[in-house]
Amino acid sequence: MKSISIYLHIPFCVRKCSYCDFVSYSAKPFEENHGINRYFEAIKQELIRYKEKLSTYKVATIYLGGGTPSAVDGRLIHDLLNMIRASLNVTNDAEITIEVNPGTLTNDKLNHYKAAGINRVSMGLQTTNDQLLETIGRIHSTNDFITSYHALRDAGFNNISLDLMFGLPGQTLSDIDRAIKLIDQLKPQHVSAYSLKIEEGTPLFDAYEKGSVQLPSEELEREMYHRINSKLRELGIYQYELSNYALPGWESKHNTVYWENKPYLGVGVSSHSKLDDVRFSNTSNIHEYMDSIQKGESVIIDSEPIDAEEDLFESIILGLRLNKGIQIDLLNERYAIDFEARYEKVLSSLIQDHLIIREGNTIKLTELGRDLANQVFLRFML
Ligand SMILES: C[S@@+](CC[C@H](N)C(=O)[O-])C[C@H]1O[C@@H](n2cnc3c(N)ncnc32)[C@H](O)[C@@H]1O
Ligand code: SF4
């Protein structure tokens, strides 16, 4: 049976952080008019539409992302996962991840997550600098994070990932060192570290445009990245993807599906899918999403057959994000090409510029290549 991964988008947060442009809404107004329940009914309806198509697939990973899935009643998450198990072929050892925010967990929610079979939790720390947490609009302090982390461990979650951000306004290398020290104490299995992206339409973007917010220089931002990399390595938490680190064997299976350019189904507002040689995406408007589902109409706003050339390019640039790199024989087989002949000039120039290395059947980014990854990716556009 073929394997598929399912992403479920839960677009509610306690409140929006100043830098974030993910499709998510402040939960309160939706709570007040039963909008959250209605949204969960809509996702279930959408899933039912895929029941027949997915009958030939086994579901190997499920990811509840957002938004903040922990901002909603745990019963809704539990019922949703029960419904998925009853309708689709979820494997016994499926990796089931939920994204949570510190300060939103209760015993009731943790009990529901456990009973629902959730076995991996990703929680946003971002920084251990409380003043900075406030500046960027986070709802929690470092202590709230620590309390939530222990609550997860006490509830029996043994696969925890935390999110860090670097390149934040006013952030320093000592901030990074303090975050790493906390990681050393808490010993999570996995860390994601994201460089701040100033996204148009966010309050942080506006403040940056007005000049009221100063960002670290590009050199300092790179220094933070290298500091995270080397300090985590000292703790045995190895980089396996441009923004991701794990203890050996605890890499995210779900996200690896994306980087290996394998099939996935995204359900919910604004989600994207790659299934049966078609790429498609849902509307980003939650009201339109719920109304269309209720009327039995499609929520897909964009759909195109996957073009082999484009897919090959995607497989190269996504695969190079992984430290293990890309395997020439696998690409040759998947796309019926002679990879080396086709990219001969690109490969030799990238090797000469010390951006990639070749080890037998494998091509990987070098340390310099990881710093200049976007430039490397562009060179593969023939
Ligand atoms: C959907 S959020 C994670 C779940 C949860 N809502 C939270 O914030 O903790 C995914 C992660 O993306 C990162 N992120 C969001 N916006 C970002 C931005 N503009 N630049 C860099 N990282 C960002 C944050 O680290 C965040 O934890
Ligand atoms: S970073 Fe997380 S909590 Fe903050 S607005 Fe985005 S999704 Fe919500």
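Ala, Val, Leu, Ile, Met, Phe, Trp, Tyr, Cys and Pro count here as nonpolar, Asp, Glu, Lys and Arg as charged, and the others, Gly among them, as polar. On that basis, the shell around ligand 1 divides into 6 nonpolar, 7 polar and 5 charged residues. The legends below describe close-up views of a predicted model.

**View 1. The shell around ligand 1.**
Ligand 1 is surrounded by 18 residues. The closest are Asn101, Gln126, Arg138, Asp163 and Lys197. Three polar pairs can be picked out. A side-chain N or O atom of Asp163 lies 2.6 Å from an oxygen atom of ligand 1. A polar side-chain atom of Thr68 is 3.1 Å from a nitrogen atom of the ligand. From the backbone, a polar atom of Gly124 is 3.4 Å from an oxygen atom of ligand 1. On its own, ligand 1 has 550 Å² of accessible area, and the protein covers 92% of this. Four elements give two or more residues each to the shell: strand 5 (89-100), strand 6 (120-126), strand 7 (160-166) and strand 8 (190-195).

**View 2. The residues around ligand 2.**
The residues here are Cys13, Lys16, Cys17, Tyr19, Cys20, Gly67, Thr68, Asn101 and Arg138. By class, the shell has 4 nonpolar, 3 polar and 2 charged residues. Asn101 and Arg138 are among the closest residues to ligand 1 and also belong to the surroundings of ligand 2. Thr68 is another residue around ligand 2, and its side chain supplies the 3.1 Å pair with a nitrogen atom of ligand 1.

**View 3. The peptide bond before Gly67.**
Most peptide bonds are trans. The bond from Gly66 to Gly67 is cis, with omega near 15°. Gly67 is in the loop between strand 4 (57-66) and helix 3 (74-87). Gly67 is also one of the residues around ligand 2.

**View 4. Gln239 and its polar partners.**
Gln239 is in strand 9 (residues 238-241). Its relative accessibility is 12%, so Gln239 counts as buried. The side chain has two polar partners to look for. One is the side chain of Arg370, at 3.3 Å. The other is the backbone oxygen of Glu241, 3.3 Å from a polar side-chain atom of Gln239. Leaving out residues up to four places away in sequence, Gln239 touches Tyr225, Asn229, Asn244, Tyr245, Asn323 and Arg370.

**View 5. Two positive phi angles.**
Most residues other than glycine have a negative phi. Asn261 has a positive phi of about 55°. Asn261 is in the loop between helix 10 (253-259) and strand 11 (264-267). At 2% relative accessibility, Asn261 counts as buried. Asp276 also has a positive phi, near 45°. The loop that holds Asp276 runs between strand 12 (272-275) and strand 13 (278-282). Asp276 is partly exposed, because its relative accessible area is 35%.

**View 6. Helix 12 along its length.**
Helix 12 covers residues 308-321. At 1.5 Å a residue, its 14 residues should span 20 Å, and the end C-alpha atoms are 20 Å apart, which agrees. At the start of the helix, a side-chain oxygen of Asp307 reaches to within 3.1 Å of the backbone nitrogen of Glu309. The buried residues are Asp311, Leu312, Phe313, Ser315, Ile316, Ile317, Leu318, Gly319 and Leu320.

**View 7. Arg342 against helix 12.**
Arg342 is in helix 14. Its relative accessibility is 30%, so Arg342 counts as partly exposed. The side chains of Arg342 and Glu309 make a polar contact of 2.7 Å. Beyond residues up to four places away in sequence, Arg342 touches Glu309, Leu312, Ile337 and Leu382. Arg342 and Leu382 are 40 residues apart in sequence, with C-alpha atoms 9.4 Å apart.

**View 8. Tyr343 between two helices in sequence.**
Tyr343 is in the loop between helix 14 (339-342) and helix 15 (344-352). With a relative accessible area of 3%, Tyr343 is buried. Not counting residues up to four places away in sequence, Tyr343 touches Leu312, Ile316, Phe380 and Leu382. Leu312 and Ile316 are among the buried residues of helix 12. Arg342 likewise touches Leu312 and Leu382. For scale, Tyr343 and Ile160 are 183 residues apart in sequence and 39 Å apart in space, C-alpha to C-alpha.

Definitions and conventions: Residues numbered from 1 in each chain as written. Chains lettered and ligands numbered in written order. Predicted model: local features only at pLDDT ≥ 70, side-chain atom pairs only at ≥ 80, totals over all residues. Heavy atoms only, no water. Expected span 1.5 Å × (residues − 1). Buried < 20%, exposed > 50% of the residue type's maximum accessible area, 1.4 Å probe, protein only. Polar contact = N/O pair within 3.5 Å; in protein donor to acceptor, adjacent residues only side chain to side chain. Near = heavy atom within 4 Å. Areas by Shrake-Rupley, 256 points an atom, 1.4 Å probe, with all protein chains shown as cover. Contact = heavy atoms within 4.5 Å.
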